[in-house]
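Hi everyone, thanks for coming along. I'd like to walk you through one structure today, so have the sequence and the 3D view open while I talk.

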Amino acid sequence: MYPCLEIDLGKIKSNAEKVNSVCKAHGLEVMAVTKSYCAIPEVIRVIQGAGIKRFTDSRMQNIKRIRQEGFDFPIMLLRIPMLSEVEELVALAQMSLNSEIATVRRISEAAVKQGKTHGIIAMIDVGDLREGMWPDQVEGFVRECMEIPGIEVQGVATNFACFGGVLPSPENTRLLDEAADKIREMTGKQDLMVSVGGTVAFELIEQGLMPTGINCIRMGEGISMGTDASHEKSIDILTQDTMQLAAEIVEVKIKPSVPIGEQGCDAFFCKPVFEDKGMRKRAVCAIGKQDALIERLTCKDRAVEVLGGSSDHLIVDVTDSDEDYKVGDILRFTVDWANMLRLTTSQYVSKRLI
Ligand SMILES: *Cc1c(COP(=O)(O)O)cnc(C)c1O
């Protein structure tokens with residue numbers, strides 16, 4: 001069935017092993033982030049096989065899927081919980097990132113009812129301005145948590161390059177380290193999880209610049225893709241090209257390179273611009289913006305140029321290729337993190353594990 005996302009499990013496993021061994025050598029645990037590929041069970045299995053023991057996802061639906069598959073490893077919810085999902089959260093996951101005491105109270109109620117203890121990881125914001133409390137609010141938050149039954153403060157965490165594009169540095173990671181010291185002092189709990197994310201923080205670990213108090217990295221992209229988008233690089237020691245998109249050609253025709261007639265906007269409120277290259281041989285593939293960020297696709301056949309598309313169609317220029325593409329042929333495209341997210345989410349894209 002096409003379009004098809006082909007996933008190379010061997011490459012992902014090798015990435016997981018390498019990431020795990022570098023982090024271990026620097027005293028950090030890797031928590032694998034599964035949100036960006038909808039927690040595909042086969043992918044999780046190979047990451048588990050690489051020695052990674054804890055997993056984390058932003059969506060309760062994915063966590064449910066993981067449990068339905070029979071995995072019993074500890075799971076952390078990566079997104080600040082919705083009040084409407086705390087019952088399920090407590091039932092299926094062991095810990096969650098939290099920044100709102102009102103939410104912690106609701107988690108507590110659910111935990112007491114279910115006879116469980118749920119781990120609270122205090123989420124702090126060291127400057128990226130997505131979620132998290134300001135570091136100086138940690139003390140008050142933890143003090144309130146210590147009065148609440150059914151929960152336990154088990155760690156502290158922060159994010160980099162999620163909203164503001166802020167990169168980790170010795171200075172901002174130290175803020176996390178200091179918050180952890182504060183929590184240890186208040187709670188007496190020595191084995192706190194002190195967690196950074198995501199993949200963007202791996203560079204500091206590789207360079208040996210992560211403060212030693214930080215003992216966990218939440219990582220998705222590096223393991224699944226071998227890249228670090230926030231530093232705009234491939235990670236040297238890892239393998240890229242872990243996934244490819246295969247799309248089927250449904251039409252091949254010679255047409256002008258510039259549309260004919262008065263031009264309005266397309267369905268996405270854009271007015272495309274065209275360069276006149278004369279008559280060109282074009283192929284239409286059966287995949288579109290509903291499934292992929294088509295402007296981020298590049299064809300494996302370097303002579304094929306992506307021209308654009310619509311909800312269900314991708315249009316490519318095949319004039320310069322050595323291949324004589326025909327209807328029914330398959331074109332393959334590279335997949336980056338953003339497209340992995342879209343393609344794995346699309347119910348119209350089949351997944352093939354190789
Ligand atoms: C998505 C996410 C991560 C993982 O990011 P990658 O860049 O895929 O490694 C880590 N932490 C949080 C809170 C996230 O939402």
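Let's begin right at the ligand, where a backbone N or O atom of Glu221 lies 2.9 Å from one of the ligand's oxygen atoms. Before I go further, please keep in mind that this is a predicted model.

Two side chains join Glu221 in the polar contacts I want to show. Thr199 brings a side-chain N or O atom to 2.6 Å from an oxygen atom of the ligand. Asn159 does something similar with a nitrogen atom of the ligand, where the distance to a side-chain N or O atom is 3.5 Å. How much of the ligand does the protein bury? On its own the ligand exposes 390 Å², and the protein buries 91% of that.

Now step back to the whole shell. There are 14 residues around the ligand, and the closest are Lys35, Arg130, Thr199, Gly220 and Glu221. Sorted by class, that shell is made up of five nonpolar, four polar and five charged residues.

So where does the ligand sit? You'll find the ligand in the largest pocket. That pocket has a volume of about 1,000 Å³, and 46 residues line it. Nearest to the centre of the pocket are Lys35, Ser36, Glu221, Trp337 and Ala338. You'll recognise Lys35 and Glu221, which are also among the closest residues to the ligand.

Which elements build the wall of this pocket? At least two lining residues each come from β9 (216-219), α9 (221-225), β10 (227-228), β11 (233-234) and α10 (337-345). The largest share belongs to α10, with four residues. As for chemistry, the lining of the largest pocket divides into 18 nonpolar, 15 polar and 13 charged residues.

Let's move over to the second largest pocket, with a volume of about 810 Å³. Its lining has 30 residues, and Pro272, Phe274, Arg282, Leu307 and Gly308 are the closest to the centre. Here the elements that each supply at least two lining residues are β12 (243-256), β13 (279-285), β15 (305-309) and β16 (314-317). If you colour by element, look for β15, which gives the most to this lining, with five residues. By class, the lining of the second largest pocket has 14 nonpolar, six polar and 10 charged residues.

Next, closed spaces. How many cavities of 30 Å³ or more does a search of the whole structure find? The answer is one, and the space in this largest cavity comes to about 40 Å³. The residues lining the cavity are Met123, Ile124, Asp125, Val126, Asp128, Leu129, Arg130, Glu131, Thr158 and Asn159. Two of those names should sound familiar: Arg130 is one of the closest residues to the ligand, and the Asn159 side chain has an N or O atom 3.5 Å from a ligand nitrogen. Both β6 (118-124) and β7 (151-159) supply at least two residues of the cavity lining. That lining has four nonpolar, two polar and four charged residues.

Before I finish, a few backbone details that you may like to check on your own screens. The peptide bond from Tyr2 to Pro3 is cis, with omega near -5°, and Pro3 is in the segment before β1 (4-7). A second cis peptide bond runs from Gly197 to Gly198, with omega near -10°. Gly198 belongs to the loop between β8 (193-197) and α8 (202-206). Finally, turn to Ala39, where phi is positive at about 55° although the residue is not a glycine. You'll find Ala39 in the loop that links β2 (29-33) and α2 (41-49).

To leave you with one picture, keep the ligand in the largest pocket, with 91% of its 390 Å² buried by the protein. Thanks for listening, and I'm happy to take questions.

How values were computed: Residues numbered from 1 in each chain as written. Predicted model: local features only at pLDDT ≥ 70, side-chain atom pairs only at ≥ 80, totals over all residues. Heavy atoms only, no water. Near = heavy atom within 4 Å. Polar contact = N/O pair within 3.5 Å; in protein donor to acceptor, adjacent residues only side chain to side chain. Areas by Shrake-Rupley, 256 points an atom, 1.4 Å probe, with all protein chains shown as cover. 1 Å grid on protein atoms, 1.4 Å probe; cavity = no way out; pocket = protein on both sides within 12 Å on 5 of 7 lines; lining within 4 Å. Sits in = over half its atoms within 2 Å of the grid points. Nonpolar A, V, L, I, M, F, W, Y, C, P; charged D, E, K, R; others polar. Points joined across faces, edges and corners; volume = space filled by probe spheres on them.
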